[in-house]
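Reader: Hey, got a minute to go through a model with me? I'd like to talk pockets, salt bridges and surface.

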Amino acid sequence: MTSSVRHIVNQYVVRAARRNELQAFLKEKGIGTEVYYPLPLHLQECFASLGLKPGDLPESEKAANETLALPVYPELTGEQAEYVVGSIRVFHAG
């Protein structure tokens, strides 16, 4: 019996204290990124009935402000991945 099951990476998310600046920098370099949860779950309208307010879950709020999804997909080449990593290094070095 052979298996055709293999792992697929859906998102590659990093945390950056200067997330918005990094995202803008990467965009200038032609690198697409995404912020999937700009508002922590406990502050979204659908969870308003929980009665939570800003400051109640500070780590969730910090993560919402710092997380950034980098490109990841099966066709991403090693050279492209190195370009992304190198660009992030340049951002942090500057």
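Author: Sure, here is a walk through those topics, and keep in mind that this is a predicted model.

Reader: Pocket first. What volume does the largest one have?

Author: The largest pocket comes out at about 210 Å³. It is lined by 14 residues, and the ones closest to its centre are Tyr-12, Leu-70, Val-84, Val-85 and Ile-88.

Reader: Which elements give two or more residues to that lining?

Author: Those are β1, covering 12-15, and α3, covering 78-93. The top contributor is α3, with five residues.

Reader: And the chemistry of the lining, how many are nonpolar, polar or charged?

Author: The lining splits into 12 nonpolar residues, one polar and one charged.

Reader: OK, switching to electrostatics. How many salt bridges are in the whole structure?

Author: A search of the whole structure turns up three. One of them pairs Glu-66 with Arg-15, where the closest N and O atoms are 3.1 Å apart.

Reader: What does that pair tie together?

Author: Glu-66 sits in helix α2 and Arg-15 in strand β1, so the bridge links parts that are 51 residues apart in sequence.

Reader: Is Glu-66 buried or exposed?

Author: Glu-66 counts as buried, because its relative accessibility is 14% and the cut-off for buried is under 20%. Its partner Arg-15 is partly exposed, with a relative accessible area of 46%.

Reader: Which residue does Glu-21 bridge to?

Author: Glu-21 forms a salt bridge with Arg-18, and their closest N and O atoms are 3.2 Å apart. Glu-21 is partly exposed at 44% relative accessibility, and Arg-18 is partly exposed at 39%.

Reader: What about Lys-53, which residue is its salt-bridge partner?

Author: That would be Asp-56, with the closest N and O atoms 3.3 Å apart. Asp-56 counts as partly exposed, at 30% relative accessibility.

Reader: Now the surface. Which residues form a nonpolar patch there?

Author: The patch is formed by Tyr-36, Tyr-37, Leu-41, Phe-47, Leu-50, Leu-52 and Leu-57. Together they have about 680 Å² of accessible area.

Reader: Where does Leu-50 lie?

Author: Leu-50 is in the loop between α1, which runs 19-28, and α2, which runs 58-66.

Reader: Why does Leu-50 count as exposed?

Author: Its relative accessibility is 54%, and exposed means over 50%, so Leu-50 falls in that class.

Reader: Let's compare with a leucine in a helix. Where is Leu-22, and is it buried or exposed?

Author: Leu-22 is in helix α1. At 2% relative accessibility, Leu-22 counts as buried.

Reader: I'm also after sequence-distant pairs. How far apart in space are Leu-22 and Ser-87?

Author: Their C-alpha atoms are 9.5 Å apart, while in sequence Leu-22 and Ser-87 are 65 residues apart.

Reader: Got another pair? How about Asn-10 and Tyr-73, what separates their C-alpha atoms?

Author: For Asn-10 and Tyr-73 the C-alpha separation is 7.4 Å, and the two are 63 residues apart along the chain.

Reader: Where is Asn-10, and is it buried or exposed?

Author: Asn-10 belongs to the segment before β1. With 63% relative accessibility, Asn-10 counts as exposed.

Reader: Cool. Can you recap the pocket for my notes?

Author: Note the volume of about 210 Å³, the lining with 12 nonpolar residues, and α3 as the element giving the most to that lining.

Conventions: Residues are numbered from 1 along each chain as its sequence is written. This is a predicted model: local features need pLDDT of at least 70, side-chain atom pairs count only at pLDDT 80 or more; totals for chains, interfaces and linings use all residues. Side-chain values use heavy atoms; hydrogens and water are left out. Patches are made of residues with over 30% relative accessible area and no salt bridge: like charges are joined within 9 Å, nonpolar side chains (Val, Leu, Ile, Met, Phe, Trp, Tyr) within 5 Å. Accessible areas come from the Shrake-Rupley method with a 1.4 Å probe; for residues, only the protein chains shown count as cover. A salt bridge is a side-chain nitrogen of Lys or Arg within 4 Å of a carboxyl oxygen of Asp or Glu. Helices (H or I, at least four residues) and strands (E, at least two) are DSSP runs, numbered from the N terminus. Buried means under 20% relative accessible area, exposed over 50%, partly exposed in between (1.4 Å probe, protein chains only). On a 1 Å grid over the protein atoms alone, a cavity is a set of points where a 1.4 Å probe fits but cannot get out, and a pocket is an open set with protein on both sides within 12 Å along at least five of seven lines; lining residues have an atom within 4 Å of a point. Grid points are joined across faces, edges and corners, and a volume is the space filled by probe spheres set on the points. Ala, Val, Leu, Ile, Met, Phe, Trp, Tyr, Cys and Pro count as nonpolar, Asp, Glu, Lys and Arg as charged, and the others, Gly among them, as polar.
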